[in-house]
Every structure is written in structure tokens, then in C-alpha cells.
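Q: Got a minute to walk through this model with me? I'd like to go over the holes, the ligand and the odd backbone spots.

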Amino acid sequence: MTTPGHPHFAWRDGELHVEQLRVSELARRHGTPLFVYSKASMLASLSAYQRGFAGRKSKICYAMKANSSLGVLQVFAQAGCGFDIVSGGELERALAVGAPARDIIFSGVGKTRAEMARALEVGIGCFNVESEAELEVLSEVASTHGRTAPVSIRVNPNVDPKTHPYISTGLKDNKFGIAHERTLAAYCRAAELPGLRVVGIDCHIGSQITDSSPYMDAMERVLDLVEGIEAAGIRLQHIDFGGGLGIDYQGVLPPAADQLWSRLLARLDARGYGDRELMIEPGRSLVGNAGICVTEVLYLKPGEQKNFCIVDAAMNDLPRPAMYEAYHAILPVKPRSGADESSYDVVGPVCESGDWLGRNRQLAVQPGDLLAVLSAGAYCMSMASNYNTRSRPAEVLVDGDRAHLIREREQVSDLMRGERLVR
Ligand SMILES: *Cc1c(COP(=O)(O)O)cnc(C)c1O
């Protein structure tokens, strides 16, 4: 059996495999909780975008905040992706895997002067500027360092991505981007600032978008702006439509990347902008369904109202349910055939009632069994914390019949490093 959206994760001979390898064997070798990623799954997601852009001048910049582990970045760097970064730390990670600086674009509303200076020093491809104040500061920093900063302005197209409020970013009252009405003025200012060179325009309307209409709307609005900006004599070399395409967590299927883009490109051509370099910044849709988190059942705790299945992974490892009430499928690694199922809330050991991974799940499990939390490739490890002084999990990248440990499990000594007793 294969779960929809997860073709590289399949149950064969009574147990879950990732590509050619048994998950139970990886858990035995590396312990739990454990993140396991499929390289083939990442490349398959990427190839849907590549098919969509075949024959176009385009650049796919992986939004690395979705999963910034070096072994994951390496997969995308080797596949020719650029990177969308949101901090100086992410810049160093991209450089560490050998990404050419010109393929790095820098998003985010709060870039510091130090981050700007470092990005200018290495020569990144574009700063996605998010406010008029940032334009001024960036120009100043660039001039001080004798450089010219390539800039794109992130515009806020004010479209509703119809997703969770915490992950929608393209509405008027979000902190992101420059309002539609201010865009032309901001471009005129950028064009006259001595430290800047205008190269493009960008937008990013939200995350986990499962419908094509917000993208269609955003494209029309961005192209309206492009018309106005170019009429003012400012030429835009690239148009960046951001990321945000959703994945299947629970049977809600977003459009396939290649189909979505064939519709969008048709509109782009119809409006006469088909010759521009296209950029996109997908994160979740490249890695989300390429990862699982393997966890061991510690205790079963039956109750009057609810039964709890207490596992060794928690909200510090998998923050999405606690943060967004997100759904992740949770399935036994070795299903007990014929055993009676009960309804459980799957919870972790952290001392918070918000520490749950799944609610009302039908499971036939016993302590010591392994469970797989699906769709855990994006916004899990990269958001993991050490709350409750819990070490972050190890990560394994599976490539066919080979498993590469790409991150060791943290030691408690790692967590206390840098702390000092008062003397
Ligand atoms: C987070 C983010 C992305 C990626 O979003 P996904 O939903 O993971 O595809 C792209 N661009 C910007 C500016 C972002 O902040």
C-alpha cells in the first residue's frame, strides 16, 4: 500500500519502507524520534516544477526555511536549484553546500545591516525588499561597501490565499511586502537610490495553498503593477511568484505544480510577459511529503473521555499541530493485522496540554510499536526546539538502498554548550 502523495513511502511485507529500506531497521540503528527523508521524493517534486518551466528562462529557488538541513540543501543544490533565504544564518548554510551566491535571493521583513553587508560581500543574486525603509538602508549599506545591491520589491497583492491565518502573507493587514498602492512610488525611489539596481518584482501570498485561484489572481495583480512600473521607464528582468503551493496532508489535493504552471504561463504569455525570467520560491511542496518522523509508543493511557497514546516525539520535534492545529497522518510502521483499533490522542512527553501530534486517531498499538508521522519533511525539523531540554532528533536521507545520516541526534551536552554558572 502507498499513501497518496507519498509514493516513496510504502508498506511492503507488512512494514513501512522508504524507497528500498525498512523504516524499522533505520529506527533500530539510529533510535527514535527520527526524521527519515526520501531523496527520490524530493527530486520528483522538483521535477514537476521543472516540467512546468521546460523551455522557459526560469529559476527555482528552494525556500530553505522549510527544511534547512545541509543534507537536504545539498540535494537541491546538486539538482541546480537556487535558494530563497530569510536570514544571515540561512545564507551561510546555502554557501556551505556550495550554492553559487548569484543563485541566492534574500527575503524577509527584518534584514539587519550586518546581514545585508555579508550578502553584498558574497554577491547574492537579489534582495527581495519588503519596505520603503529597507530600500533606504540597503542603498546606504551598499554604497558604504562600494557595491550596488540588486533589488526586487516584494509587493503585497492583497489576495486571500484561503489558508490558515498564520500562514497567509499576501493580505493587506499582513506585515509582508509593500502595499499595491505604494508599489510604483517605491520602485521610483529604488531607481533613484545610488546603491540599488532594480532587477525584478516578487510576491508571496501564503503557504499551504490548495487552490489555483489565489495564484491566478495574484499574477494578474502583479502584472498590472509590472505594466505601471515599466511605463515609468523601469525595466524588470525577472518576475518572482513566490512559493506557497500546498501538499496533501489529509486527502485535500492541491493542484500539481506542472498543471498550475501551465495555466499561469498561459496567462503570462497572453499578457505579453512570457519572455521575462521567471522565478519561484517553493518550500513545503518540495520537501513536505518527502519526510516522515518515526516515533516509538511509550505508554497507552486509557481514560474515561479519551485514550492517550504517549509517544517519544513531541511538539518540540513536530511543532505544526501545536502551532497551527495542523493535521499529520500517523500510521503504524508495522500494522498489527486483525487487532482491535481504539481511538487515541497521540501525544508527546512535553509538559503542555498543547503537546499533541494527532487527535482521535484509530490505532491498534502496543508500547514499543513504531509510528510514522507522515508529511513531516517541511516546517518540522527546521522549527524544532529544545523545549523541556529535549535533544533534537537525528535525520536520515534515504537514496535508493542507501541511508545517509545527515544529522546526528543532539547530545544533552550540546544543549548546555555556551551556558555559564555564575561564580
Ligand atoms: C516561506 C516562504 C516561501 C516558501 O513557502 P512554502 O509555503 O513553503 O512554499 C517562499 N517565499 C517566501 C518569501 C517565504 O517567506
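Q: Let's start inside. Which helix gives the largest share of the lining of the second largest cavity?
A: Helix α8, residues 213-231, with 3 residues. Keep in mind that this is a predicted model.

Q: Which residues line that second largest cavity?
A: C203, I205, Y215, A218, M219, F241 and L264.

Q: How do they divide into nonpolar, polar and charged?
A: The lining of the second largest cavity has 7 nonpolar residues, no polar and no charged.

Q: And what volume does it have?
A: About 40 Å³ for the second largest cavity.

Q: How many cavities of 30 Å³ or more are there in the whole structure?
A: The search finds 2. The largest cavity has a volume of about 50 Å³.

Q: What lines the largest one?
A: Y49, Y215, G242, G243, L245, L260, W261, I280, E281 and P282. Y215 also appears in the lining of the second largest cavity.

Q: How does the largest cavity's lining divide by class?
A: It has 7 nonpolar residues, 2 polar and 1 charged.

Q: OK, on to the ligand. Where does it sit?
A: In the largest pocket. That pocket has a volume of about 730 Å³.

Q: Which lining residues are closest to the pocket's centre?
A: K65, V86, F176, H204 and Y379, out of 43 residues that line the largest pocket.

Q: Which elements give two or more residues to that lining?
A: Those are α4 (88-96) and α10 (284-287).

Q: What's the class split in the largest pocket?
A: Its lining has 13 nonpolar, 16 polar and 14 charged residues.

Q: Now the shell around the ligand itself. Which residues come nearest?
A: K65, S207, E281, R284 and Y379, out of 14 around the ligand. K65 and Y379 are also among the residues closest to the centre of the largest pocket. E281 also helps line the largest cavity.

Q: How does the ligand's shell divide by class?
A: Into 3 nonpolar, 6 polar and 5 charged residues.

Q: What about the backbone? How far is a polar backbone atom of R284 from a ligand oxygen?
A: That distance is 2.7 Å. For G283, a polar backbone atom is 2.9 Å from an oxygen atom of the ligand. G244 has a backbone N or O atom 2.8 Å from a ligand oxygen.

Q: And how much of the ligand does the protein bury?
A: The protein buries 95% of the 390 Å² that the ligand exposes when taken alone.

Q: Back to Y379 for a second. What is its phi?
A: Y379 has a positive phi of about 55°, although it is not a glycine.

Q: Where in the fold is Y379 found?
A: In the loop between β19 (370-373) and β20 (394-399). So you can pull the Y379 notes together here.
A: Y379 is one of the residues that come nearest to the ligand, and its phi is positive.

Q: Last topic, cis peptides. Which residues does a cis peptide bond join?
A: T32 and P33, with omega at about -10°.

Q: Where does P33 lie?
A: P33 is in the loop between α1 (23-30) and β4 (34-38).

Technical notes
Residues are numbered from 1 along each chain as its sequence is written. This is a predicted model: local features need pLDDT of at least 70, side-chain atom pairs count only at pLDDT 80 or more; totals for chains, interfaces and linings use all residues. Side-chain values use heavy atoms; hydrogens and water are left out. A residue is near a molecule or strand if one of its heavy atoms lies within 4 Å of it. A polar contact is a pair of N or O atoms within 3.5 Å; within protein, one must be able to donate a hydrogen and the other to accept it, and residues adjacent in sequence count only if both atoms are side-chain atoms. Accessible areas come from the Shrake-Rupley method with a 1.4 Å probe; for residues, only the protein chains shown count as cover. On a 1 Å grid over the protein atoms alone, a cavity is a set of points where a 1.4 Å probe fits but cannot get out, and a pocket is an open set with protein on both sides within 12 Å along at least five of seven lines; lining residues have an atom within 4 Å of a point. A molecule sits in a cavity or pocket if more than half of its atoms lie within 2 Å of its grid points. Ala, Val, Leu, Ile, Met, Phe, Trp, Tyr, Cys and Pro count as nonpolar, Asp, Glu, Lys and Arg as charged, and the others, Gly among them, as polar. Grid points are joined across faces, edges and corners, and a volume is the space filled by probe spheres set on the points. Helices (H or I, at least four residues) and strands (E, at least two) are DSSP runs, numbered from the N terminus.
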